[in-house]
Amino acid sequence: MPAERRSPAVRESSGKMEGKGGMIKPTISLQDLRRRIYLKAKAEPQWRFWGLYVHLCKPETLREAYRLAKHNNGAPGIDGVTFEAVEQNGWEAFLEQIRKELLTRTYLPMRNRRKEIPKSNGKVRVLGIPTIRDRVVQGALKLILEPIFEADFQPGSFGYRPKRRAHEAVNRVAQAIVTHKTSVIDLDLRSYFDNVSHDLLLVKVARRVQDGEVLHLLKLILKASGTKGVPQGGVISPLLSNLYLNEVDRMLERAKEITRDGPYTRVEYARYADDMIVLVDGKYCRREWLMAAIQIRLREELTQLKVEVNEDKSRVVDLASPDASVGFLGFDFRRLRSLKGKWRPNATPQRKKRTALIRKLKEAFHRHRSQPVQGIISEINPILRGWVNYFRIGNSAECFSHVRHWVERKIVKHMARARKRRGTGWKGWSSQRLHAELGLFNDYQIRYWQPPAKASPPG
């Protein structure tokens with residue numbers, strides 16, 4: 001494509017550039033390319049990018065995509081090829097073959113391997129696992145497209161985005177509750193990932209991408225997983241799923257601005273992938289009208305996207321009522337009064353999350369039933385560390401105490417069984433020895449929620 005027709009962000013970062021006096025400047029790095037694309041997309045929301053396919057095919061982009069895929073590891077795809085096999089045969093040749101297929105437009109993705117993951121409610125989540133070859137291509141495509149759409153995503157979207165975590169979404173909900181947003185719309189989307197319309201999704205991508213080769217490649221990737229939906233397990237699926245719901249986020253941002261009273265907003269929301277919650281000021285004199293209007297608009301937007309609301313699991317909750325709670329990202333949220341008489345959010349691990357942890361630990365104990373205690377500790381420590389690190393930001397002290405007590409008792413029983421000291425009660429063993437000498441996980445410290453420093457209700 002002629003240089004004069006390229007986007008400035010792309011033109012400056014493609015291949016080599018001529019400077020003053022005809023001097024040749026070196027190719028900029030992938031990181032700089034992504035930064036320039038992001039800045040261009042942020043500065044000009046209506047700009048449509050072209051000339052992107054050449055950057056996707058660059059060795060540097062494919063190497064980074066391969067590095068990220070290997071870092072995430074994961075099971076092999078339908079072809080059975082593992083990272084060990086790729087490394088043994090030479091990853092450079094592997095990437096060069098992919099690049100050749102992309103450049104000659106002969107690349108065709110394989111079908112995803114289906115894998116069922118049991119859910120806590122007895123149902124299963126179906127993952128679509130691409131081959132390593134397809135993961136690299138999807139990763140390269142994501143590296144080029146992500147900075148474009150990141151510039152368009154809204155502040156209330158947190159799932160699968162760079163430099164954003166679930167804890168930030170949890171904190172956003174806690175801040176909303178403490179500023180009297182107690183009328184809550186808890187929305188559940190039925191089989192969201194399985195029902196994304198490919199045609200609507202490609203239209204959304206095309207609003208920002210004017211590159212036929214990129215759009216054709218994306219269409220091939222989508223069609224490899226079926227006639228609709230984005231596979232959970234695909235490298236580019238999180239980006240696409242966020243893009244698909246971005247207009248819903250935009251609508252909620254407009255609702256925030258329309259009802260704003262100075263620094264204080266009457267509406268707040270948080271979305272993590274397909275998990276969404278909307279909070280409305282419970283003291284607002286017109287809150288019933290506002291709640292009804294938001295619910296109507298939400299359903300209108302979702303209907304346009306052909307996304308179905310699961311009415312059995314969706315509900316409206318009034319957190320101002322005693323004992324009322326709402327679940328979001330594994331936490332149960334309530335509103336309680338502090339000892340000083342002020343309202344505060346209370347976020348505790350959902351009981352089903354604690355039950356799932358205990359079940360996982362039981363399975364680990366069972367596998368090591370006749371093994372030395374060091375084996376079981378080395379397996380359960382990472383499980384405990386990950387679970388506690390996630391839930392330690394809430395009001396989880398009571399739950400943590402229960403988990404710690406249960407784990408210590410199981411370890412002592414395991415040691416007593418191994419040493420044939422069944423007559424010795426578990427309380428005869430020192431908790432300090434379990435943690436200090438055996439190295440059992442012991443960091444159950446809570447990081448309590450900090451109240452916001454601004455945006456207090458008017459009046």
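The paragraphs below lead through several helices and strands of this structure, which is a predicted model.

A good place to begin is helix α11, which spans residues 237-244. Eight of its eight residues are buried, so α11 is largely enclosed by the rest of the structure. Read along the helix, these buried residues are Ser-237, Pro-238, Leu-239, Leu-240, Ser-241, Asn-242, Leu-243 and Tyr-244. What do the buried residues of α11 pack against? Their partners are the helices α7 (132-150), α9 (198-206), α10 (212-223) and α12 (246-258), together with the strand β6 (267-272).

Two of those partners, α9 and α10, also meet each other. Their axes come within 11 Å and cross at roughly 155°. Since angles over 145 degrees count as roughly antiparallel, α9 and α10 are therefore described as roughly antiparallel to each other. The crossing of these two helices is right-handed. On the α9 side the contact is made by His-198, Leu-201, Leu-202, Val-205 and Ala-206, and on the α10 side by Leu-215, Leu-218, Lys-219, Leu-222 and Lys-223. Sorted by class, the residues in this contact of α9 with α10 are seven nonpolar, one polar and two charged.

The strand β6, which the buried residues of α11 pack against, leads on to a set of paired strands. β6 and β7 pair in the antiparallel sense, over six bridges, and within this pairing Glu-268 has Leu-279 of β7 as its bridge partner. The two strands form a hairpin with two residues between them, and in this hairpin Ala-273 takes a positive phi near 60°. Strand β7 covers residues 275-280, and five of its six residues are buried, so β7 is largely enclosed by the rest of the structure.

β7 is also joined to strand β5 (residues 183-188), by six bridges, and these two strands run antiparallel. Two positions help to locate this pairing in the model: Ile-185 stands opposite Val-278 in β7, and the bridge partner of Asp-186 in β7 is Ile-277. Is β5 itself largely buried or exposed? Five of the six residues of β5 are buried, so this strand is largely enclosed by the rest of the structure. Besides its bridges to β7, β5 has four bridges to strand β8 (residues 315-318), and β5 and β8 likewise run antiparallel. Here Ser-183 stands opposite Asp-318 in β8.

A further group of strands can be followed towards the higher residue numbers. Three strands form an open sheet in the order β9-β10-β11, with antiparallel pairing. The edges of this sheet are taken by β9 (326-328) and β11 (343-349); each has a single partner strand, so one side of each is left without a neighbour in the sheet. On average, and with direction ignored, neighbouring strands of this sheet are turned by 35° against each other. Between β9 and strand β10 (residues 331-337), which run antiparallel, there are three bridges, and Gly-327 stands opposite Asp-332 in β10.

Which helix lies across β9, β10 and β11? That helix is α8 (residues 166-178), which runs at about 25° to β10.

Notes: Residues numbered from 1 in each chain as written. Predicted model: local features only at pLDDT ≥ 70, side-chain atom pairs only at ≥ 80, totals over all residues. Heavy atoms only, no water. Buried < 20%, exposed > 50% of the residue type's maximum accessible area, 1.4 Å probe, protein only. Contact = heavy atoms within 4.5 Å. Axes fitted to C-alpha atoms, helices over the stretch in contact; angles between N-to-C directions. Parallel < 35°, antiparallel > 145°, perpendicular 65-115°, else oblique. Left-handed = near helix turned anticlockwise from the far one by under 90°. Nonpolar A, V, L, I, M, F, W, Y, C, P; charged D, E, K, R; others polar. Pairing = 2+ DSSP bridges.
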